[in-house]
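Thanks, everyone, for making the time. I would like to walk through one protein chain this morning, going from a single helix outwards to its neighbours and then to a sheet elsewhere in the chain.

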Amino acid sequence: MSQARNHGGDHLPTRLLRSRVAGPLLPVLTVLGIVLADLVGGVGMIWLPLLAAGPALAATTNGPRGVLCVGFLAAALGATLGARDGAPCHEVGAVLAALVAVTLASALAGALRTRRERVLAAVRSVAEAAQHALLKPVPATVGPFEVAVRYSAAAAEARIGGDLYALVPTPYGVRLIVGDVRGKGLPAVGTAALVLGVFREAAYDEPDLLAVVDRIERSLARNLGADDFVTAVVAGHPRPGQLEVVNCGHAPPLLIDASGGVTAVEATHPAPPLGLRALTDQTPSLQVLPFADGDQLLLYTDGVIEARDRDREFYPLVEGLARHLSDEPARTLDAIHDELLAHVGGRLHDDAALLLIRKPAVPDPALPQQAVGGRMLGDRAV
């Protein structure tokens, strides 16, 4: 699964290398800079107290051992400079005592920081495992479709959030869902897991797509609170040339024909979000759409269309899709996601999911294909 949070991963090793080199060197360079300033400034104790900045800075990038090494270096250089300058012993002693105190405190802070980083790494690994269990990787090709997915959680350290998606091949054709859980945090993640679990099970069992939606509705009615709900679009490909779509209070999918025209698939009979059907007399309806070779369908969550720039303007998804449309779903979503991040200034304030499927053209075996390198593909050599 190609996800948005992985963009820029090609440069990650370079950034890690730079940080590992700069981390230990910066405190040492700070100490040496202070020593150089003292040497240039001449006799006096003006600069020596600043040597404590070395171990204090080391605590932000190094463990206890690194902090102690920087503190020892600073103390040795401070004592040497104090003797060179002929400073009184009590003044040098005061500087060294302060330096030792700062070094010990910084070493403790470095130890605590290292421990927190280990805990955070463990939490991240659990979150990564939860992501793979909840939002399973989607291959580039599923059934007759080319597929691309981009997902970004709003929380800076999060791997998963309240948006959900799944695409599975079933005995009744490829079926997919994109949804958005009301709320955020762990409760939203739990609801998303419930929806996806029921969908994956029902998609294999139920011949009728509306029956799949009913299964999800019944499960949510038993498990959700009174104010909780899930907006979702459930789609299926039961036979060549057709798509079935059921919209439950979600943003309309965008249908792109082979010529590049973009059409919003508005629900003919609006239905409430999943989990709220008992409060209304409306029920979901099944829409049947033509879906020929070269057509594409984009499903998304409101974190995309409600993303605002500095002027509080929403991101224009339809226009962005028209600008970046290509025959490769992954490239299309890469461009849209990059533009979306630029629109909001680099940080999304809501979870955002994009799922794009494309039906590639299937060559007719009865027709001669394009000659390549003096040979006719699908035919005998000419």
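Let me begin with helix α9, where the buried residues are Pro 329, Thr 332, Leu 333, Ile 336, His 337, Leu 340, His 343 and Val 344. Viewed down the helix axis, these buried residues of α9 fall within an arc of 125 degrees, and so they line one face of the helix. The spacing of such a list is worth a moment's thought, because an α-helix has 3.6 residues a turn, so that residues three or four places apart point the same way. I should say at once that this is a predicted model, and everything that follows should be heard with that in mind.

As to its dimensions, α9 covers residues 329–344, which is 16 residues, and spans 23 Å from the first C-alpha to the last, close to the 22 Å expected at 1.5 Å a residue. Just after the helix comes Gly 345, which has a positive phi, near 85 degrees.

What do the buried residues of α9 pack against? Their partners are the strands β2 (145–152), β10 (296–300) and β11 (352–358), together with the helices α7 (302–305) and α8 (317–324).

Of these partners, let me take α8 next, whose buried residues are Leu 317, Gly 320 and Leu 321. Around the axis they cover an arc of only 100 degrees, which puts them on the same side of α8. Those buried residues pack against β7 (254–256), β8 (262–264), β10, α7 and α9, so β10 and α7 appear as partners for the buried residues of α8 as well as for those of α9.

The strand β2 deserves its own few words, since it is mostly covered, with seven of its eight residues buried. On one hand, β2 runs antiparallel to β11 and is joined to it by seven bridges, with Tyr 151 standing opposite Ala 353 of β11. On the other hand, β2 is joined by two bridges to β1 (residues 141–142), again in an antiparallel arrangement, and here Val 142 stands opposite Phe 145 of β2. The hairpin that β1 and β2 form has two residues between the strands, and in it Gly 143 takes a positive phi near 60 degrees.

Now let me turn to the open sheet, which has five strands in the order β3-β4-β5-β6-β9, paired antiparallel. At its edges stand β3 (163–170) and β9 (287–290), each with a single partner strand, so that one side of each is left without a neighbour in the sheet. Neighbouring strands of this sheet are turned against each other by 20 degrees on average, if direction is ignored.

Within that sheet, β5 (residues 230–237) and β6 (residues 242–248) run antiparallel and are joined by five bridges, and Val 233 stands opposite Asn 247 in β6. Helix α6 (residues 209–223) lies across β4 (173–181), β5 and β6, and runs at about 25 degrees to β6.

Finally, some totals for the chain, which has nine helices and 13 strands. Of its 382 residues, 41% are buried, and the chain exposes about 19800 Å², with carbon and sulfur atoms supplying 61% of that. If we take contacts between residues at least 6 apart in sequence, 71% of them join residues at least 24 apart.

How values were computed: Residues numbered from 1 in each chain as written. Predicted model: local features only at pLDDT ≥ 70, side-chain atom pairs only at ≥ 80, totals over all residues. Heavy atoms only, no water. Helix = DSSP H or I, 4+ residues; strand = E, 2+ residues; numbered from the N terminus. Buried < 20%, exposed > 50% of the residue type's maximum accessible area, 1.4 Å probe, protein only. Contact = heavy atoms within 4.5 Å. Areas by Shrake-Rupley, 256 points an atom, 1.4 Å probe, with all protein chains shown as cover. Pairing = 2+ DSSP bridges. Axes fitted to C-alpha atoms, helices over the stretch in contact; angles between N-to-C directions. Expected span 1.5 Å × (residues − 1). Arc of directions from axis to C-beta.
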